[in-house]
Amino acid sequence: MRFASLLLATAALGGCASQTLLPPASTAPAATTTAAAPIAIETVLQKQVYQMTPVEAGRYVAWVHTAEPDLRHRIAAIGRKNLGQPYLLNLLGEFPFEVHDDLPMFSLERSDCVVFAEHTYAMALSRSWEEFFWMLQRIRYRDGVIGVATRNHYTETDWNVANNWLVTDISAQLAGTNGPSYGMRIDRARFLKTRHNTVRDIPVETSRQSYVAKEQVAAIASQLQEGDFVNVISTRNGEHWASHVGLVVLGPDGARHFLHSSEPQVREETFDAFIARAAEREARNAREGKNGQRLAGFKFLRLNDNIVVPPMAPQPRPGT
């Protein structure tokens with residue numbers, strides 16, 4: 001896997017060179033510096049994002065920001081530029097900033113559902129590679145403070161809340177006064193201890209989440225806008241949670257499509273097709289006697305107008 005120079009160039013090696021007698025100044029050849037020629041955008045555009053190097057991706061980010069000035073359309077264009085990207089679950093971590101695992105802070109070659117959405121939003125909001133990488137951390141971590149304890153692990157209570165400058169939950173509005181909801185109990189301290197061997201004193205949080213039932217999606221689909229954020233709500237043994245995420249894009253006929261990263265690769269499909277595939281999986285699980293998750297519905301978060309990206313919070317000095 002080709003990872004960023006962040007991983008590959010952790011140190012610049014220097015050394016002492018032997019002394020060499022130089023010819024007199026009058027006869028010494030003039031020093032010349034040849035800058036690398038910029039990559040032609042025509043060459044870059046022949047590739048999908050997951051086939052690009054970071055340098056090429058930076059060139060693409062700068063180009064698409066000008067080529068598609070509308071943010072919603074730009075999100076759709078960038079997301080589609082990753083169609084076919086291979087899927088890999090649990091792809092990223094905090095390495096080398098933290099060493100609780102050896103997973104890197106970014107990857108262009110693969111994605112899971114959250115990584116795909118984060119990369120697409122970050123690229124759409126940026127004009128350069130450096131800005132993209134900064135924006136990615138701002139979206140992925142609470143207040144942009146890098147660390148496993150500040151990562152937005154829980155979709156409903158971390159990611160959606162920490163990124164309310166970017167998206168706003170409109171699920172209750174779409175579902176109506178009698179729409180369904182579910183309760184959540186989040187024990188972050190236990191999660192961090194058991195999953196990441198990280199000890200933090202974080203109180204347990206409870207919340208209630210509204211969502212749109214899967215049977216209701218067709219009736220409200222016309223209210224969705226390109227670039228909106230989607231949480232897929234699943235249920236098993238009476239518990240509900242956001243099991244998957246993706247983006248809303250418009251099809252050629254104006255129909256609302258679901259653009260997302262799932263096994264085996266990034267795909268675009270109608271919501272009807274996604275719901276039908278879930279039903280097939282549930283029927284197969286039932287035949288095989290498996291207690292699999294079942295699709296309950298969706299949460300929808302509206303991409304905000306006039307987005308103002310908050311600054312990063314200061315990165316605290318790590319403790320012992």
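Let me begin with one residue, Lys 47, which is partly exposed, with a relative accessible area of 26%. Its partner is Glu 56, and the two form a salt bridge in which the closest N and O atoms are 2.8 Å apart. Glu 56, for its part, is buried, because its relative accessible area is 9% and the limit for calling a residue buried is under 20%. Please keep in mind throughout that what we are looking at is a predicted model.

Before I go on to other pairs, here is the chain as a whole. There are 320 residues in the chain, and buried residues make up 45% of them. The secondary structure comes to 11 helices and nine strands. If we take the contacts in the chain with a separation of 6 or more, then 65% of these are accounted for by residues 24 or more positions apart. The chain exposes about 17100 Å², and carbon and sulfur atoms supply 54% of that area.

Now back to the charged side chains. How many salt bridges does the count come to? The count comes to 13, and I will go through two further pairs and then a network.

The next pair is Arg 80 with Glu 268, a salt bridge whose closest N and O atoms are 2.9 Å apart. Arg 80 belongs to helix α4, residues 71-80, whereas Glu 268 belongs to strand β8, residues 265-270, so this pair ties together parts that are 188 residues apart in sequence. As for their surroundings, Arg 80 is partly exposed at a relative accessible area of 26%, and Glu 268 also counts as partly exposed, at 25% relative accessibility.

The other pair is Arg 294 and Glu 282, whose side chains meet in a salt bridge at 3.6 Å, N to O. This pair, too, links distant parts of the chain, with Arg 294 in strand β9 (residues 294-303) and Glu 282 in helix α11 (residues 271-287), 12 residues apart. Is Glu 282 buried or exposed? With a relative accessible area of 8%, Glu 282 is buried, while Arg 294 is partly exposed at 44%.

Salt bridges can also be joined into a network, and here Arg 72, Asp 228, Arg 302 and Asp 305 are linked in this way.

Let me turn to the aromatic rings, and please keep helix α11 and strand β9 in view. A pair of aromatic rings is described by the distance of the centres and the angle of the planes. The structure holds 15 aromatic pairs. One of them is formed by Phe 271 and Phe 298, an edge-to-face pair with 5.5 Å from centre to centre and 90° between the planes. Phe 271 sits in helix α11 and Phe 298 in strand β9, 27 residues apart, which makes this a link between distant parts of the chain. Both Phe 271 and Phe 298 are buried.

Phe 271 has a further edge-to-face partner in Phe 300, at 6.0 Å centre to centre and 70° between the planes. Since Phe 271 lies in helix α11 and Phe 300 in strand β9, that pair ties together parts that are 29 residues apart in sequence. Phe 300 is buried, as Phe 271 is. Taken together, Phe 258, Phe 271, Phe 274, Phe 298 and Phe 300 form one aromatic cluster.

I would like to finish with two residues that lie in loops. Where does Asn 152 sit? Asn 152 is found in the loop between α6 (129-140) and α7 (155-162), and at 7% relative accessibility it counts as buried. The side chain of Asn 152 reaches the backbone oxygen of Ile 139 at 3.0 Å. Leaving aside residues up to four places away in sequence, Asn 152 touches several others, among them Ile 139, Tyr 141, Asp 158 and Trp 159.

The second loop residue is Pro 264, which has its place between β7 (256-262) and β8. Pro 264 is partly exposed, with a relative accessible area of 46%. Which residues does Pro 264 touch, not counting those up to four places away in sequence? They are Gln 85, Pro 86 and Tyr 87. Looking at Tyr 87 in particular, the C-alpha atoms of Pro 264 and Tyr 87 are separated by 5.3 Å, although these residues are 177 residues apart along the chain.

Technical notes: Residues numbered from 1 in each chain as written. Predicted model: local features only at pLDDT ≥ 70, side-chain atom pairs only at ≥ 80, totals over all residues. Heavy atoms only, no water. Helix = DSSP H or I, 4+ residues; strand = E, 2+ residues; numbered from the N terminus. Buried < 20%, exposed > 50% of the residue type's maximum accessible area, 1.4 Å probe, protein only. Polar contact = N/O pair within 3.5 Å; in protein donor to acceptor, adjacent residues only side chain to side chain. Contact = heavy atoms within 4.5 Å. Salt bridge = Lys/Arg side-chain N within 4 Å of Asp/Glu carboxyl O. Phe/Tyr/Trp six-rings, centres within 6.5 Å; stacked < 30°, edge-to-face > 60°. Areas by Shrake-Rupley, 256 points an atom, 1.4 Å probe, with all protein chains shown as cover.
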